Amino acid sequence: MKQVMELAFLKIGAEARENLSVTAVDFSKLALGIGHPVTLRANVKNWGGRDYGDIRVDLRVDGVERGSALVTLGPNEERQAVFRHTFEKGGSHVVELVCADADALVADNRALISLPIWDKIPALLVNGDPRSEPLKGEDRKSTRLNSSHT
C-alpha cells in the first residue's frame, strides 16, 4: 500500500524586509581571570535598505545591564559595538549583547555566550639556571610577577 504525504505551508507572520541582527561576538582573551578587563565586540548588521542611524547595543552580564554603545548603521552595513568589562567573580557567566532598537524579527537581535572566568590560572615557572645555594638561582626579573601576565 502506497502512502501519500502532504505538506502544507502556512504564512503566519508579516513579511519583513528590514532586519538588524547581532551576527558575531568576539572577546579579547582566551583565558579570562577575575579582575582582568576583557574587551567584548558585537558585530551588528543591517540586512535591509533602511538607514537606521544610531542603534543602541546593550551589554548584559548575568542578566544585569553593564553598559551600552551606539553604532551607526546605514543600509546593508555592518559595524562593531565595543565594550570593556571586568569580572569580579569566578565561574561561568552569561554575556548577552542586544540591539535595543527592535525590528520585526526580534530573535536575531541578541547574542548569548557563556564565558568561564578563572579565579586562579595555573602556571608553571621554570628556572633555567638553578644554583645549589638557596635563593641564588633567582634573579629579580624572574621572581617578580606582573599581574598582566598571570
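# Salt bridges, a three-stranded sheet and a nonpolar core

The structure holds 4 salt bridges, a salt bridge being a side-chain nitrogen of Lys or Arg within 4 Å of a carboxyl oxygen of Asp or Glu. Before we look at them, a word on the basis: this is a predicted model, in which local features need pLDDT of at least 70 and side-chain atom pairs count only at pLDDT 80 or more, while totals for chains, interfaces and linings use all residues. Residues are numbered from 1 along each chain as its sequence is written, and side-chain values use heavy atoms, with hydrogens and water left out.

## The overall picture

The protein has 1 helix and 8 strands; these are DSSP runs numbered from the N terminus, with H or I over at least four residues for helices and E over at least two for strands. Read from the N terminus, the order of elements is β-β-β-β-β-β-β-β-α. Of the 150 residues, 27% count as buried. Here buried means under 20% relative accessible area, exposed means over 50%, and partly exposed lies in between, with a 1.4 Å probe and protein chains only.

The accessible surface comes to about 11,100 Å², and 53% of it belongs to carbon and sulfur atoms. These areas come from the Shrake-Rupley method with a 1.4 Å probe, and for residues only the protein chains shown count as cover. Among contacts with a separation of 6 or more, 63% are between residues 24 or more positions apart, where contact means heavy atoms within 4.5 Å.

## Salt bridges up close

Three of the pairs can be set side by side with their N to O distances.

| Pair | Distance (N to O) |
|---|---|
| Arg60 and Glu96 | 3.8 Å |
| Glu77 and Arg79 | 3.2 Å |
| Arg110 and Glu96 | 2.2 Å |

Arg60 sits in strand 4 and Glu96 in strand 7, so their salt bridge ties together parts that are 36 residues apart in sequence. The salt bridge between Arg110 and Glu96 also links distant parts of the chain, with Arg110 in strand 8 and Glu96 in strand 7, 14 residues apart. Arg60, Glu96 and Arg110 are thus named together as a network of salt bridges.

How do these side chains stand towards the surface? Glu96 counts as buried at 12% relative accessibility. Its partner Arg60 is partly exposed at 23%, and Arg110 is partly exposed at 37%. In the other pair, Glu77 is partly exposed with a relative accessible area of 26%, and Arg79 is partly exposed at 39%.

## The sheet 1-3-6

Strands of a sheet pair through backbone hydrogen bonds, either parallel or antiparallel. In this model, 3 strands form an open sheet in the order 1-3-6, with antiparallel pairing. Strand 1 and strand 6 stand at the edges with a single partner strand each, so one side of each is left without a neighbour in the sheet. On average, neighbouring strands of this sheet are turned by 25 degrees against each other, direction ignored; the axes are lines fitted to C-alpha atoms, for helices over the stretch in contact, and angles run from 0 to 180 degrees between N-to-C directions.

Strand 1 and strand 3 are joined in the antiparallel sense over 7 bridges, and two strands count as paired if DSSP finds at least two bridges between them. Within this pairing, Phe27 has Leu40 of strand 3 as its bridge partner, and Ser21 stands opposite Lys45 in strand 3. Strand 3 and strand 6 run antiparallel and are joined by 9 bridges, with Arg41 partnered by Val82 in strand 6. Strand 3 is largely enclosed by the rest of the structure, because 8 of its 10 residues are buried.

## The nonpolar core

The largest nonpolar core has 24 residues, and Leu40, Ile55, Leu59, Val71, Phe83, Phe87 and Leu115 have the most contacts inside it. Such a core is a set of buried Ala, Val, Leu, Ile, Met, Phe, Trp, Tyr and Cys residues joined through side-chain atoms within 4.5 Å. Elements that give two or more residues to this core include strand 1 (20-27), strand 3 (37-46), strand 6 (78-86) and strand 8 (110-118).

Leu40 is a good place to start exploring. Not counting residues up to four places away in sequence, Leu40 touches Asp26, Phe27, Leu59, Ala81, Val82, Phe83, His85, Val95 and Leu115. His85 belongs to strand 6 and is buried, with a relative accessible area of 11%. Leaving aside neighbours within four places in sequence, His85 is in contact with His36, Pro37, Val38, Leu40, Leu59, Val61 and Arg66.
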